[in-house]
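Colleague: Could you walk me through this model? I'd like to start with the sheet and then look at the packing.

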Amino acid sequence: MKARRKSRKTRHLVITPFIDIAFILVLFFIVDSSFELSPALDVSLPQSETALGSEPFGLSVALLADGTVFVNGEESPLVSLSEAISAFDGNLPVELLADENARNGDVVKIFDELKKAGFSEVYLRTK
């Protein structure tokens with residue numbers, strides 16, 4: 001007598017369509033999401049009717065209303081601003097975000113320090 005072999009039917013789960021759908025969903029959420037490029041500082045910028053479009057900047061200096069200065073998001077005292085910006089290339093364009101209630105003298109000090117460090121392109125950011 002011959003022994004009968006049980007026929008095994010292997011069942012395969014086809015996951016290719018699931019991977020396709022997951023990939024499409026990931027792409028959709030990446031394309032649909034928006035990224036905020038402005039720093040996470042609470043700076044109340046002044047209004048301007050003649051402001052030009054924004055450009056990519058290499059260095060960002062923010063001045064808050066209380067006189068606190070941030071260089072690329074890191075707090076830096078105004079008296080040691082020259083040390084904080086000396087690590088950057090003077091050919092980079094600089095974005096200055098000065099709160100509308102900041103003292104004018106502090107803005108002038110920042111402009112002077114940037115000019116002493118060799119930065120020639122300084123843009124004052126507005127709304």
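Here is a short back-and-forth on the sheet and the core.

Modeller: Ground rules first: this is a predicted model, so local features need pLDDT of at least 70 and side-chain atom pairs count only at pLDDT 80 or more, while totals for chains, interfaces and linings use all residues. Residues are numbered from 1 along each chain as its sequence is written, and side-chain values use heavy atoms, with hydrogens and water left out.

Colleague: What is the strand order of the open sheet?

Modeller: Strands here are DSSP E runs of at least two residues and helices are H or I runs of at least four, numbered from the N terminus; two strands pair if DSSP finds at least two bridges between them. The edge strands, each pairing on one side only, are β3 (74–76) and β5 (122–124). The five strands have mixed pairing, and the order is β3-β2-β1-β4-β5.

Colleague: How many bridges join β1 to β4?

Modeller: Take the partners one by one: L59 stands opposite V94, and V61 stands opposite L96. β1 (residues 59–63) and β4 (residues 94–98) run parallel, and the number of bridges joining them is five.

Colleague: And on the other side, which residue of β2 is the bridge partner of A62?

Modeller: β1 and β2 pair in the antiparallel sense over three bridges. They form a hairpin with five residues between them, and G67 in the turn has a positive phi of about 95°. The bridge partner of A62 in β2 is F70.

Colleague: Why is β1 largely enclosed by the rest of the structure?

Modeller: Buried means under 20% relative accessible area with a 1.4 Å probe, protein chains only (exposed is over 50%, partly exposed in between). L59, V61 and L63 point one way from β1, S60 and A62 the other way, and all are buried. β1 is largely enclosed because the residues buried are five of the five.

Colleague: What is the relative accessible area of S60?

Modeller: S60 is found in strand β1. Leaving aside neighbours within four places in sequence, S60 is in contact (heavy atoms within 4.5 Å) with F70, V71, N72, E95 and L97. S60 is buried, with a relative accessible area of 14%.

Colleague: How many residues has the largest nonpolar core?

Modeller: A nonpolar core is a set of buried Ala, Val, Leu, Ile, Met, Phe, Trp, Tyr and Cys residues joined through side-chain atoms within 4.5 Å. Those with the most contacts inside the largest one are L59, V61, L63, I85, I110 and L114. Its residue count is 15.
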